[in-house]
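This report introduces a single structure to a reader who has not met it before. Please view the sequence and the structure together before reading on.

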Amino acid sequence: MTPAQNKSGRWPVWAVSLVLYPFAAGAAYVNLFFLFLMGQAIGLRAISSVEAVIGGIILGIPFAWIAGRWMRGMIDEAEDAADREI
């Protein structure tokens, strides 16, 4: 069996996304908070930290999924390149 055929130890996208979720939720929280803070310049109200955390938790789910798909693609590309060199 060649290394390209042995894909049994691969992480699925949902597992990669689950690992990335805390980072995605934290990034969503910070960006949401600062977006509304800057939005005061055009008349929006600033949201509280609690509202930003709740928004980060909710928005972290699709952001983590997108990041997980991107990361899984990067891993696949690196594995394919490594297999070609063998």
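The following paragraphs treat a helix, its buried residues, the aromatic pairs and the salt bridges.

The structure is a predicted model. Helix 2 covers residues 49-85, which amounts to 37 residues. From its first C-alpha to its last, helix 2 reaches 50 Å, close to the 54 Å expected at 1.5 Å a residue. The helix has a kink of about 40° at glycine 60, and this glycine comes shortly before proline 62.

Several residues of helix 2 are buried, namely Ala52, Gly55, Gly56, Gly60, Ala64, Gly68 and Arg72. Glycine 60 is thus named both as the site of the kink and among the buried residues. The cover over the buried residues of helix 2 includes helix 1, residues 13-38.

Two aromatic pairs are found in the whole structure. One of them joins phenylalanine 33 and phenylalanine 34 in an edge-to-face arrangement, with 5.7 Å from centre to centre and 75° between the planes. Phenylalanine 33 is partly exposed, at a relative accessible area of 22%, and phenylalanine 34 is also partly exposed, at 45%. Together with Tyr29, Phe33 and Phe34 make up one aromatic cluster.

The count of salt bridges is four. Three of them are listed below.

| Salt bridge | Closest N to O distance |
|---|---|
| Aspartate 76 and arginine 10 | 3.4 Å |
| Arginine 45 and glutamate 51 | 3.0 Å |
| Aspartate 76 and arginine 72 | 2.7 Å |

Aspartate 76 forms a salt bridge with arginine 10. Because aspartate 76 lies in helix 2 and arginine 10 in the segment before helix 1, this pair ties together parts that are 66 residues apart in sequence. Arginine 10 has a relative accessible area of 35% and is partly exposed.

Aspartate 76 also meets arginine 72 in a salt bridge. Both residues belong to helix 2 and are four residues apart, about one turn of the helix. An α-helix has 3.6 residues a turn, so residues three or four places apart point the same way. Arginine 72 has a relative accessibility of 5%; since buried means under 20%, arginine 72 counts as buried. Arg10, Arg72, Asp76 and Glu79 are linked in a network of salt bridges.

The salt bridge between arginine 45 and glutamate 51 joins an exposed residue, arginine 45 at 52% relative accessible area, to a partly exposed one, glutamate 51 at 35%.

How values were computed: Residues numbered from 1 in each chain as written. Predicted model: local features only at pLDDT ≥ 70, side-chain atom pairs only at ≥ 80, totals over all residues. Heavy atoms only, no water. Helix = DSSP H or I, 4+ residues; strand = E, 2+ residues; numbered from the N terminus. Expected span 1.5 Å × (residues − 1). Bend = angle between axes of the 7 residues up to and from the residue. Buried < 20%, exposed > 50% of the residue type's maximum accessible area, 1.4 Å probe, protein only. Contact = heavy atoms within 4.5 Å. Phe/Tyr/Trp six-rings, centres within 6.5 Å; stacked < 30°, edge-to-face > 60°. Salt bridge = Lys/Arg side-chain N within 4 Å of Asp/Glu carboxyl O.
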